[in-house]
Amino acid sequence: MIDSLINDETIKGWIFDLDGVITDTAVYHYQAWKKLADEESLAFNETINENLRGISRRASLEIILAGKILPDSVMEEMMERKNSYYCELLKNLTSHSVLPGILPLLEKLQSKGRYSAIASASRNTDFIIDHLQIRHYFNGVASGYSVKRPKPAPDIFVHAAGQLKIPVKNCIVIEDAEAGVSGAIEAGFRTIGIGPEERVGHSNYRFSSTNELGL
Ligand code: B16
Ligand code: MG
């Protein structure tokens, strides 16, 4: 199925989510949030972590706080602390940390003359793509700094399509998060979901894992 999408001349722009599609930093997010949560005696486990997929740092903290109201300055300090733990873990990323199937897909797209961009909620996007050594595949990079409204707002995908100068209807978005797929659909993109039916079953095309993208 992926080959027919690559060969589809109406799909000129390919917009990739980062965490969960290009690399798996979710495990580092989990470890960093867990450390913060333990320090603050807040409940945190893998199930709560699953709800943080694709959403912003602030929205993630709000979920972990579970209704607890704190001054903005305290929240800012917590987000910074979590990010410092996370950035320390990100130093483990290398060119081998790209998920299976992604490099063959990026190479095929490049050889076909398609354009690719990243659309990630992460403010660490540049650091991550440089550590993965994949920047040369992309004609655009949209990150957590590019737009005001985070996913599930469609803004980041529209921004990435704008960087590629390709209309939304001629782009496809690859996402692992429910919020990401919903945002892309709202803007009129075609979508490829990576993951289980319960999470990304609303995408146009679905693959259980990135492995299947390289076939
Ligand atoms: P940061 P994506 C998202 O990346 C993650 O999935 C999400 O868990 C994280 O909270 C968000 O980036 C912000 O990340 O704290 O590094 O700015 O899936 O949109 O590539
Ligand atoms: Mg993601």
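# A guided tour, starting at S116

Select S116 first: you will find S116 in strand β2, which covers residues 115-119. Helices here are DSSP runs of H or I with at least four residues, strands are runs of E with at least two, and both are numbered from the N terminus. You are looking at a predicted model, in which local features need pLDDT of at least 70, side-chain atom pairs count only at pLDDT 80 or more, and totals for chains, interfaces and linings use all residues. Residues are numbered from 1 along each chain as its sequence is written, chains are lettered from A and ligands numbered from 1 in the order in which they are written, and side-chain values use heavy atoms, with hydrogens and water left out.

Is S116 buried or exposed? S116 counts as buried because its relative accessible area is 2%. The cut-offs are under 20% relative accessible area for buried, over 50% for exposed and in between for partly exposed, with a 1.4 Å probe and protein chains only. Now show what surrounds S116: leaving aside neighbours within four places in sequence, its contacts include W14, F16, Y137 and L164. Contact here means heavy atoms within 4.5 Å.

## Stop two: helix α7

Next, select residues 125-132, which form helix α7. Its buried residues are T125, I128, I129 and L132. Looking down the axis of α7, you will see these buried residues within an arc of 90°, so they line one face of the helix. The arc is taken from the directions from the helix axis to the C-beta atoms. Why can residues spaced like this share a side? An α-helix has 3.6 residues a turn, so residues three or four places apart point the same way.

The buried residues of α7 pack against α5, β2 and β3 (140-142), so β2 comes back into view from the first stop. Also within α7 is D130, which counts as partly exposed because its relative accessibility is 43%. Just after the helix, click on Q133, which has a positive phi of about 55°.

## Stop three: helix α4

Move to residues 57-65, helix α4, where S60, L61, I64 and L65 are buried. Seen down the axis of α4, its buried residues fall within an arc of 135°, so they too line one face of their helix. Colour α2 (26-39) and α5 (72-90) as well, since both are among the elements that cover the buried residues of α4.

Which residue follows α4? That is A66, with a positive phi near 45°, although A66 is not a glycine. A66 lies in the loop between α4 and α5 and is exposed, with a relative accessible area of 66%.

## Stop four: ligand 1

Now centre the view on ligand 1. How many residues surround ligand 1? There are 18, and the closest are I55, S120, S122, R123 and N124. A residue counts as near if one of its heavy atoms lies within 4 Å of the molecule.

Three distances are worth displaying:

- From a polar side-chain atom of D17 to an oxygen atom of ligand 1: 3.0 Å.
- From a backbone N or O atom of L52 to an oxygen atom of ligand 1: 3.1 Å.
- From a backbone N or O atom of A121 to an oxygen atom of ligand 1: 2.7 Å.

On its own, ligand 1 has 470 Å² of accessible area, and the protein covers 98% of that area. Accessible areas come from the Shrake-Rupley method with a 1.4 Å probe; for residues, only the protein chains shown count as cover.

## Stop five: the magnesium ion

Keep D17 selected and add ligand 2, the magnesium ion. Which residues coordinate the magnesium ion? They are D17 (OD), D19 (O) and D176 (OD), at 2.0 to 2.1 Å. Donors are N, O and S atoms within 2.8 Å of the metal (3.2 Å for Na, K and Ca), and water is not among the atoms, so sites may look incomplete. Along the chain, the donors follow the spacing D-x1-D-x156-D. D17 counts as buried because its relative accessibility is 4%. D19 is buried as well, with a relative accessible area of 19%.

## Last stops: A161, P152 and S41

Select A161, which lies in helix α8. A161 counts as buried, at 2% relative accessibility. Not counting residues up to four places away in sequence, A161 touches I15, I166, V168, C171 and F189. Add Y115 to the view: A161 and Y115 are 46 residues apart in sequence and 9.7 Å apart in space, C-alpha to C-alpha.

P152 is in the loop between β3 and α8 (155-164). Zoom in on the bond between K151 and P152, a cis peptide bond with omega about 15°.

Finish at S41, in the loop between α2 and α3 (46-50). S41 is not a glycine, yet its phi is positive, about 55°. Is S41 buried or exposed? S41 is exposed, with a relative accessible area of 68%.

Note on methods
A polar contact is a pair of N or O atoms within 3.5 Å; within protein, one must be able to donate a hydrogen and the other to accept it, and residues adjacent in sequence count only if both atoms are side-chain atoms.
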